[in-house]
Amino acid sequence: MAKKLGFGVLGAGLVAPFHAKGIVNSDGGDLIAFCDIDQERVGKLADEYGVKGYTSLEEMLEDPAVDVVNVALPNHLHYNAVIKCAAAGKHVLTEKPPAMTLRETDAMIAACREAGVKFGCTVQCRVRKSIQAIKQAIDTGRFGKLLHADAYMKWFRPTEYYQSDAWRSLRKAGAGVTVQHAFHYIDLLQHLVGPAARVEAKMTNLAHPGVALEDTLIGYIEFANGAHGIIEASTALWPGTDVRIEINGTKGTAIMVGERMTTWQFQDECPEDEEIRAYGDVSQTTGAGGAADFGFADHMVVIQDLIDAVDEGRDVVIPVKSVRPTLEIVLGMYQSDSRGAPVELPLEDDPSIWE
Ligand SMILES: NC(=O)c1ccc[n+]([C@@H]2O[C@H](COP(=O)([O-])OP(=O)(O)OC[C@H]3O[C@@H](n4cnc5c(N)ncnc54)[C@H](O)[C@@H]3O)[C@@H](O)[C@H]2O)c1
């Protein structure tokens, strides 16, 4: 590869270092700048990495060395930023959720398509070896008919986490355990077994009095292929344990805990199964007990893929259009909770869920 691809990280908060480490450890990526309206935060990270620090996106977009913008802003600010990046001809890697509504998501996808830029999303759990093995086994029919796809996210965040930045306790900014934390695991179920046909949800606040958000979700998904799914997600359950993903079919069962494959059993045993049973680093934390308590390896794979996609002239492996159905499930769950009834998909936006 001749020229390295220049990256600017927009937002110098909690997740920014995970992007930065992914970029500096990639093959062919060059970290050019951070950008944040908070001078102190941007200065600190820019100094630490020896790169430029911008306090306005418009200025960073004028920098010809920046080819890609990693959007790591609070959730409700992704939309405007992505539209500006596309208009400036920059590739975009946005954090999850891509946006707050389906209408915004569609407009972002269209803007990036018209600008001819890549548009990926860091739902990075998809790149875990265990998830890729499950996906391949589904695609090759090893599970038989899919029956169940469940996610159990029993995490803990103290009240101070919700108070650490204003947006973290504001529903209209896209906070709340369903859209903020469970998004990754709802995405895994959607990626593996989706799309969904019907969702139902009940949301409560069990352990964060004074924070006007749900900290706990009990959700149900009926997939278009007939499989059923349960999602339990909480940040109320001290001390927080690793997420468990369970996929059951008529001919096989796989269970991933954290990033480790703990059950991998099929009626048609294959030679590679023994190796797959050992997938996942036992020592790798995956966010159960703290907001920054996870590794950057998965972000790095997504960043490397974007670099390779530009080089090879292909699409990224996690385009935002593949994450739209996840957002639809999540929005459907908020609609279901607010109406007290199941919701059929495809969905119409109902912005009142964010009020
Ligand atoms: N993929 C993951 O595993 C993962 C983990 C954590 C967070 N996230 C996502 O990353 C995003 C950021 O989360 P975070 O925890 O880093 O939040 P954060 O609050 O720690 O950081 C966001 C930063 O954006 C800055 N900002 C706000 N408005 C701005 C503007 N107009 N221009 C420039 N900067 C602005 C804030 O000053 C802040 O420093 C969210 O979308 C979140 O969902 C993803």
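## Strand pairing in the sheet

Two strands are taken as paired if DSSP finds at least two bridges between them. In this predicted model, strands β7 (residues 146–154) and β11 (residues 244–249) run antiparallel and are joined by 6 bridges. One residue of this pairing is Y152, whose bridge partner in β11 is R244.

Both strands belong to an open sheet of 8 strands with mixed pairing, ordered β13-β12-β11-β7-β10-β9-β8-β14. At the edges stand β13 (260–266) and β14 (343–344); each has a single partner strand, so one side of each is left without a neighbour in the sheet.

## Helices on the sheet

Helix α9 (residues 183–193) lies across β7, β8 (196–204), β9 (216–223), β10 (228–234) and β11. The direction of α9 is at about 165° to β7.

Helix α12 (residues 324–339) also packs on the sheet, where it touches β8, β9 and β14. Between the directions of α12 and β8 the angle is about 55°.

## Domain arrangement

The domain assignment divides the protein into domain 1 (5–121 + 296–318) and domain 2 (126–287 + 325–344). Their C-alpha centres lie 25 Å apart.

Contact between the domains involves 14 residues of domain 1 and 15 residues of domain 2. On the side of domain 1 that touches domain 2, the elements giving two or more residues are α5 (102–115) and α11 (297–312). The largest share, 3 residues, comes from α11. By class, this side of domain 1 has 8 nonpolar, 4 polar and 2 charged residues.

Methods: Residues numbered from 1 in each chain as written. Predicted model: local features only at pLDDT ≥ 70, side-chain atom pairs only at ≥ 80, totals over all residues. Domains from an automatic or database assignment. Contact = placed C-beta atoms within 7 Å. Helix = DSSP H or I, 4+ residues; strand = E, 2+ residues; numbered from the N terminus. Nonpolar A, V, L, I, M, F, W, Y, C, P; charged D, E, K, R; others polar. Axes fitted to C-alpha atoms, helices over the stretch in contact; angles between N-to-C directions.
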